[in-house]
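Welcome, and thanks for taking a look at this one. Below is a short briefing on how some of the strands pair and on one patch at the surface.

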Amino acid sequence: MTEPGPFAPETVVVEQLKQAWRRRHTDPALAVSTAAGSRLAQVTHTDDTQSLLTGVSGELLVRVMRTGPALFHLTDAAGREAGTAEAPGRVRTRQLSLRTAAGRRFFITRRALVSVEWLLTETDPDQKPTPETLGRVTVSTADRWRGLQRYVVETDPGLDTSERRTVVSSVVCLHLLRRPPGESSAPA
């Protein structure tokens, strides 16, 4: 039986690795794992503008390119667009606006600045009527002394693999907005 890809499970964990707390560390900074802890992929920051999401065997899955202060373009291994993520507004960690490769739009929105949970919806949650929740991202601190972050990404079974790829990749973008490589600031 083959292992599922990193975008097949409905729940994955994106977590800072213990050695990643050193800001100049060049090995993988984030790991993507199943809820049970099996490693599915890893994220390496090549510089301040590019991060690579690779499978456990090293194959490129998604390239995350920061093209503006709060704008990210996602491309697959063949260089085709896999989606975008953008943080509109002044508080860049409050909401990400996503677009998949097929053009489907999603929002990952934190309801309050002190909230540890972002909701995944198809429309802006501030609009009426309140949209259906298609998933959630919950952040916690995996190591309080080092401040390592852990994101649990839960998605609806109705999302396909390419939509999950955009959502998981956007969590990498969210982490980059909260904890930019090379900076030692506290999380937003």
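How many bridges join strand 6 to strand 7, and do they run parallel or antiparallel? Five bridges join them, and the two strands run antiparallel. Please keep in mind that this is a predicted model.

**Strands 6, 7 and 8**
- Strand 6 covers residues 71-76, and its Phe 72 stands opposite Ala 85 in strand 7.
- The hairpin of strand 6 and strand 7 has four residues between the strands, and Gly 79 takes a positive phi near 90° there.
- Strand 7 also pairs with strand 8, in the antiparallel sense, over four bridges.
- In that second pairing, Gly 83 stands opposite Thr 100 of strand 8.

**Strands 2, 3 and 4**
- Strand 2 (residues 30-34) and strand 3 (residues 39-47) run antiparallel and are joined by four bridges.
- Ser 33 has Arg 39 of strand 3 opposite.
- Between strand 2 and strand 3 the hairpin has four residues, with Gly 37 at a positive phi near 105°.
- Strand 3 is joined to strand 4 (residues 50-55) by six bridges, again in an antiparallel arrangement.
- Ala 41 has Gly 55 in strand 4 as its bridge partner, and the hairpin from strand 3 to strand 4 passes through two residues.

**A nonpolar surface patch**
- Val 91, Leu 113 and Val 114 make up a nonpolar patch on the surface, together offering about 310 Å² of accessible area.
- Val 91 sits in the loop between strand 7 (81-86) and strand 8 (95-100).
- Val 91 counts as partly exposed because its relative accessibility is 37%, and partly exposed lies between the cut-offs of 20% and 50%.

Key: Residues are numbered from 1 along each chain as its sequence is written. This is a predicted model: local features need pLDDT of at least 70, side-chain atom pairs count only at pLDDT 80 or more; totals for chains, interfaces and linings use all residues. Side-chain values use heavy atoms; hydrogens and water are left out. Two strands pair if DSSP finds at least two bridges between them. Patches are made of residues with over 30% relative accessible area and no salt bridge: like charges are joined within 9 Å, nonpolar side chains (Val, Leu, Ile, Met, Phe, Trp, Tyr) within 5 Å. Accessible areas come from the Shrake-Rupley method with a 1.4 Å probe; for residues, only the protein chains shown count as cover. A salt bridge is a side-chain nitrogen of Lys or Arg within 4 Å of a carboxyl oxygen of Asp or Glu. Buried means under 20% relative accessible area, exposed over 50%, partly exposed in between (1.4 Å probe, protein chains only).
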